[in-house]
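Please examine the sequence and the three-dimensional model shown below. The paragraphs after it lead through the structure.

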Amino acid sequence: MIEKMTFDQPQPLIVYGILGDTYIYANEREVEVEEPRQMEGEIEGEPQTVTKYEYDVRHFPLSDKTEAGALERLKYNVLVELDKYDNSDAVNGFTLNGIPMWLDKETRNGLRLRFDSQKALGQTDTTLWYGTTPIALNIDLAISMLQMLEVYASGCYDRTAQHKATINNLTTIDEVFNYDYTEGYPAKLAF
């Protein structure tokens with residue numbers, strides 16, 4: 001997780017903390033801040049503008065206090081964040097008649113078998129239950145929807161796999177720190 005921190009002085013890229021945490025300070029920005037003027041501990045007169053240094057910060061425990069160790073741990077943390085993103089509503093979702101939902105692979109496969117069987121027996125309509133909400137669907141539309149969902153889910157899987165490969169091949173702390181693993185996923189479907 002990225003935090004923002006501001007300091008009076010520039011910081012090195014990596015700081016190994018005394019209590020075991022390692023800090024990565026990336027994307028240094030100079031920021032102008034209004035502060036009260038102080039003379040001998042007392043606030044006096046108009047505020048003054050001072051330059052501070054703002055960073056995007058990640059921190060984590062690290063036993064191998066080397067740049068290579070920090071790079072590997074940072075990759076691990078970003079891969080964990082990618083997995084969380086890949087399993088979140090940001091990726092796993094679509095809307096059907098304005099209702100946001102998701103059907104996992106097992107459910108999609110079960111519904112496909114059901115819809116194919118109903119169609120083979122001559123039924124033209126079916127009901128998709130989402131929790132306790134019934135949604136009436138034409139069988140052909142339901143099968144088409146599941147096919148599109150499968151293509152969408154496969155596209156998301158492929159994108160996540162590509163992100164993992166890219167992250168594992170990055171060679172600098174800055175590249176890994178700034179890697180956008182949310183980029184390139186297919187647009188969510190709306191039925």
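The account that follows treats two sheets, two helices and two asparagines.

The model is predicted: local features require a pLDDT of at least 70 and side-chain atom pairs a pLDDT of 80 or more, whereas totals for chains, interfaces and linings use all residues. Residues are numbered from 1 along each chain as its sequence is written, and side-chain values use heavy atoms, with hydrogens and water left out. Helices (H or I, at least four residues) and strands (E, at least two) are DSSP runs numbered from the N terminus. Two strands are said to pair if DSSP finds at least two bridges between them.

One open sheet consists of 4 strands in the order β1-β6-β3-β2, with antiparallel pairing. Its edge strands, each pairing on one side only, are β1 (3–7) and β2 (14–16). On average, neighbouring strands of this sheet are turned by 40 degrees against each other, direction ignored; axes here are lines fitted to C-alpha atoms, for helices over the stretch in contact, and angles run from 0 to 180 degrees between N-to-C directions. Within the sheet, β3 and strand β6 (residues 48–61) pair in the antiparallel sense over 13 bridges. R29 has E54 of β6 as its bridge partner. Helix α1 (residues 67–86) packs on this sheet and touches β2, β3 and β6, its direction making about 80 degrees with that of β6. Contact denotes heavy atoms within 4.5 Å.

Strand β3 (residues 21–35) also contains N27. The phi of N27 is near 60 degrees, a positive value in a residue other than glycine. N27 is partly exposed, with a relative accessible area of 29%; buried means under 20%, exposed over 50%, and partly exposed in between (1.4 Å probe, protein chains only).

A second asparagine with positive phi, N97, has a value near 55 degrees. N97 lies in the loop between β7 (94–96) and β8 (99–101), and its relative accessibility of 55% makes it exposed. The flanking strands β7 and β8 run antiparallel and are joined by 3 bridges; T95 has P100 of β8 as its bridge partner. These strands belong to an open sheet of 3 strands in the order β8-β7-β11, with mixed pairing. Its edge strands are β8 and β11 (189–190), each of which pairs on one side only.

Helix α3 (residues 139–169) has 31 residues and reaches 45 Å from its first C-alpha to its last, close to the 45 Å expected at 1.5 Å a residue. The expected span is 1.5 Å times one less than the number of residues.
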